[in-house]
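Student: I would like to learn how to read a protein model one feature at a time. Could you take me through one slowly, giving the general idea before each case?

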Amino acid sequence: MSEEKYDVLKIQNQLCFPLYACAREVVKRYTPFLDEIDLTYTQYIVMMVLWEKRSVTVKELGNILFLDSGTLTPLLKKLEAKNFISRKRSETDERNLIVTITPEGEALREKAVEIPEKMSQCVALEPEEAMTLYQILYKLLGRMN
């Protein structure tokens, strides 16, 4: 049997591996900046949504961040314990849990505003390259959903 048949299993032939490895490296580079504001990367992306929208349902948050409620629930509980967010049932439809940023969560925004610039220095891409990568990744995400 020819070994060529197994070329598809070589790591250098996998698109998933460099995506995975880059994602891990990017998150690793975020860690020291996020440690300064007491957030994990996943908590940070939740806060970014809330800094923009102020209030969202858990379902909306999951759709925006490509996270399921099993991942979001413990994450939101931790953010609530830090007093960065509040969670309560919708008055019009109690099936919906609404997540709202608190004044403390809003104040955290000021501390976080420098993180994207610090990260751009860690990721050595030209602005055009970064935009191309961004567009390709969102195109890929769109095709997977």
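**Reading the sheet, the helices and the core**

Tutor: Let us begin with a single pair of residues: Ser86 has Thr100 in S3 as its bridge partner. Please keep in mind throughout that this is a predicted model.

Student: What does such a partnership belong to, and how many bridges join S2 to S3?

Tutor: The general idea is that strands of a sheet pair through backbone hydrogen bonds, either parallel or antiparallel. In this structure S2 and S3 run antiparallel and are joined by 5 bridges, while S1 and S3 pair in the antiparallel sense over 3 bridges. Within that second pairing you can look for Val56, which stands opposite Val99 in S3.

Student: In what order do the strands lie in the sheet?

Tutor: The sheet is an open one of 3 strands, and its order is S1-S3-S2, with antiparallel pairing. Strand S1 (55-57) and strand S2 (85-89) are at the edges with a single partner strand each, so one side of each has no neighbour in the sheet. From one strand to the next, the twist averages 25°.

Student: Which residues of S3 belong to its covered face, and which to its uncovered one?

Tutor: In a regular strand the side chains alternate between the two faces of the sheet. You can follow this along S3, where Leu97, Val99 and Ile101 form the covered face, whereas Ile98 and Thr100 form the uncovered one.

Student: Which strands does H2 lie across, and which does H3 lie across?

Tutor: H2 lies across S1, S2 and S3, and runs at about 120° to S1. H3 lies across S1 and S3, running at about 90° to S1. One residue to find in helix H3 is Lys59, which counts as exposed with a relative accessibility of 64%. Lys59 is also useful for comparing two kinds of distance, since Lys59 and Asn96 are 37 residues apart in sequence and 7.8 Å apart in space, C-alpha to C-alpha.

Student: Now I would like to read a single helix. How many residues does H1 have, and how far does it reach?

Tutor: Helix H1 covers residues 16-35, which makes 20 residues, and from its first C-alpha to its last it reaches 28 Å, close to the 28 Å expected at 1.5 Å a residue. When you trace H1, pause at Arg29, where a kink of about 25° lies shortly before the proline Pro32.

Student: Which residues of H1 are buried, and what covers them?

Tutor: An α-helix has 3.6 residues a turn, so residues three or four places apart point the same way. In H1, the buried residues include Tyr30, Phe33 and Leu34. Among the elements covering the buried residues of H1 are helix H2 (41-53) and helix H6 (115-122).

Student: What is the general idea behind a core, and which residues touch the most other members here?

Tutor: In soluble globular proteins, nonpolar side chains tend to be buried together. The largest nonpolar core here has 29 residues, of which Tyr44, Val46 and Ile115 touch the most other members. At least two residues of this core come from each of H1, H2, helix H3 (58-65), helix H4 (69-81), strand S3 (97-101), helix H5 (103-112) and H6. H2 gives the most to this core, with 7 residues. If you centre your view on Ile115 and leave aside residues up to four places away in sequence, you will find that Ile115 touches Tyr30, Phe33, Leu34, Ile37 and Tyr44.

Student: How should I read the phi angle of a residue, and what is the phi of Asp38?

Tutor: Most residues other than glycine have a negative phi, and most peptide bonds are trans. Asp38, although not a glycine, has a positive phi of about 60°. Asp38 is found in the loop between H1 and H2, and is partly exposed, with a relative accessible area of 46%. Asn83 is another residue with a positive phi, near 65°, while not being glycine, and its place is in the loop between H4 and S2.

Student: Is Thr102 buried or exposed, and what does Thr102 touch?

Tutor: Thr102 counts as buried, because its relative accessibility is 9% and the cut-off for buried is under 20%. Thr102 has its place in the loop between S3 and H5. Not counting residues up to four places away in sequence, Thr102 touches Asn83, Phe84, Ile85 and Ser86.

Methods. Residues numbered from 1 in each chain as written. Predicted model: local features only at pLDDT ≥ 70, side-chain atom pairs only at ≥ 80, totals over all residues. Heavy atoms only, no water. Helix = DSSP H or I, 4+ residues; strand = E, 2+ residues; numbered from the N terminus. Expected span 1.5 Å × (residues − 1). Bend = angle between axes of the 7 residues up to and from the residue. Buried < 20%, exposed > 50% of the residue type's maximum accessible area, 1.4 Å probe, protein only. Contact = heavy atoms within 4.5 Å. Core = buried A, V, L, I, M, F, W, Y, C linked by side-chain atoms within 4.5 Å. Pairing = 2+ DSSP bridges. Axes fitted to C-alpha atoms, helices over the stretch in contact; angles between N-to-C directions.
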